[in-house]
Amino acid sequence: MNNSVLPTPQESATSQAVPRLQLLNINKSFGGVQALRNVDFEVYAGEVVGLVGDNGAGKSTLIKVISGAYIPDSGDILIDGQKVAIASPQDATRLGIETVYQDLALCDNLDVVSNLWLGREAYRTLIPRVLKVLDETEMERQTIEVLKTLDVKIPSVRRPVAALSGGQRQCIAVAKTILRNPKVVLLDEPTAALGVAQTRQVLNLIRRLKQQGLAVVVISHNLHDVFEVTDRAIVMRLGQRAATFDIKTSTSEQVIAAITGAEYRDPPKQETL
């Protein structure tokens with residue numbers, strides 16, 4: 001396994017002319033219901049994009065298309081400008097796309113190291129072609145390395161996940177994906193049900209992912225978090241891409257108007273006395 005768990009700044013310095021991940025004219029139907037209609041989507045290396053919209057807007061379906069859980073009826077998916085086929089979650093992982101869902105998929109009874117390496121443990125050979133044993137030392141070393149790189153602070157990597165806070169558990173779920181050297185990380189409601197301090201911890205982690213040159217997509221209903229940590233917000237409405245906002249030059253009122261389908265109006269000016 002490559003010991004470099006995250007790209008170097010030189011490796012992450014990619015041209016903004018080509019998105020790290022791009023979707024073109026994606027359509028997906030379930031029976032008579034068209035969940036996605038001619039959807040375009042893009043996220044660049046070193047960028048955080050917020051994917052927002054009301055329930056049923058198509059956000060989850062779009063993410064499941066990217067992650068390989070759904071196969072689109074039509075449309076193209078490109079990685080670094082090259083057309084790819086994603087027919088399963090394994091395909092997405094092979095292409096460098098990792099998804100952290102709300103349930104986190106962690107085993108509470110296992111410690112941090114065991115959770116990060118579950119299903120792809122490192123081994124060392126004692127007798128060639130005869131006997132291999134778990135390389136606990138190497139797995140612990142790489143676990144500490146990736147947590148340090150992401151600035152994740154926990155008391156011990158040998159502590160059971162059940163003993164960690166909600167924010168720490170979210171960070172461990174993200175660190176688990178980072179060990180696979182991804183290009184794109186999808187985060188589904190990463191701050192849902194977290195307290196103020198835990199939310200701050202997760203938002204700082206997202207900033208670290210951006211600094212490492214990863215393309216990050218955050219699905220969230222919390223516009224405060226979206227405006228704090230993302231570069232752009234893409235609004236889904238009724239299965240279509242309704243609007244795109246540059247966070248630096250936009251307001252939450254404009255985003256809410258796009259989500260609800262209302263017409264945005266600037267607030268009236270106050271009369272001066």
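1. Strand 11 (residues 232-237) and strand 12 are paired in the antiparallel sense over six bridges, where two strands count as paired if DSSP finds at least two bridges between them. Within this pair, Ala-233 stands opposite Phe-245 of strand 12. The names used here follow DSSP runs, numbered from the N terminus, in which helices are H or I runs of at least four residues and strands are E runs of at least two.

2. Please keep in mind that this is a predicted model, in which local features need pLDDT of at least 70 and side-chain atom pairs count only at pLDDT 80 or more, while totals for chains, interfaces and linings use all residues. Residues are numbered from 1 along each chain as its sequence is written, and side-chain values use heavy atoms, with hydrogens and water left out.

3. The pair of strands 11 and 12 belongs to an open sheet of six strands, which has the order 6-9-10-3-11-12 and mixed pairing. Strand 6 (97-100) and strand 12 (240-246) each have a single partner strand and stand at the edges, so one side of each is left without a neighbour in the sheet. From one strand to the next the twist averages 20°, angles being taken from 0 to 180 degrees between N-to-C directions, with axes as lines fitted to C-alpha atoms, for helices over the stretch in contact.

4. Two helices should be looked at together with this sheet. Helix 6 lies across strand 6 and strand 9 (184-188), and runs at about 165° to strand 6. Helix 7 also packs on the sheet, where it touches strand 3 (48-52), strand 9 and strand 10 (215-219), and its direction makes about 150° with that of strand 10. Contact here means heavy atoms within 4.5 Å.

5. How do helix 6 (residues 166-178) and helix 7 (residues 196-211) pack, and at what angle? Their axes are 8 Å apart and make an angle of about 20°, and the two helices are therefore roughly parallel to each other, a term for angles under 35 degrees, whereas those over 145 count as roughly antiparallel, 65 to 115 as roughly perpendicular and the rest as oblique. The residues in contact include Cys-171, Val-174 and Ile-178 of helix 6 and Val-202, Leu-205 and Leu-209 of helix 7.

6. A second open sheet has four strands in the order 2-1-4-5, with antiparallel pairing. Its edge strands are strand 2 (33-43) and strand 5 (82-84), each of which pairs on one side only, and the twist averages 30° from one strand to the next. Strand 4 and strand 5 run antiparallel and are joined by three bridges, with Ile-77 opposite Val-84 of strand 5.

7. Strand 7 (residues 123-127) and strand 8 (residues 131-134) run antiparallel and are joined by four bridges, among which Ile-127 has Leu-131 of strand 8 as its bridge partner. Their hairpin has three residues between the strands, and Arg-129 takes a positive phi near 60° in it.

8. The count of salt bridges comes to 19, each being a side-chain nitrogen of Lys or Arg within 4 Å of a carboxyl oxygen of Asp or Glu. One of them joins Asp-73 to Lys-28, with the closest N and O atoms 3.9 Å apart. This pair links distant parts of the chain, 45 residues apart, since Asp-73 is in the loop between helix 2 (59-67) and strand 4 (74-79) and Lys-28 is in strand 1 (residues 21-30).
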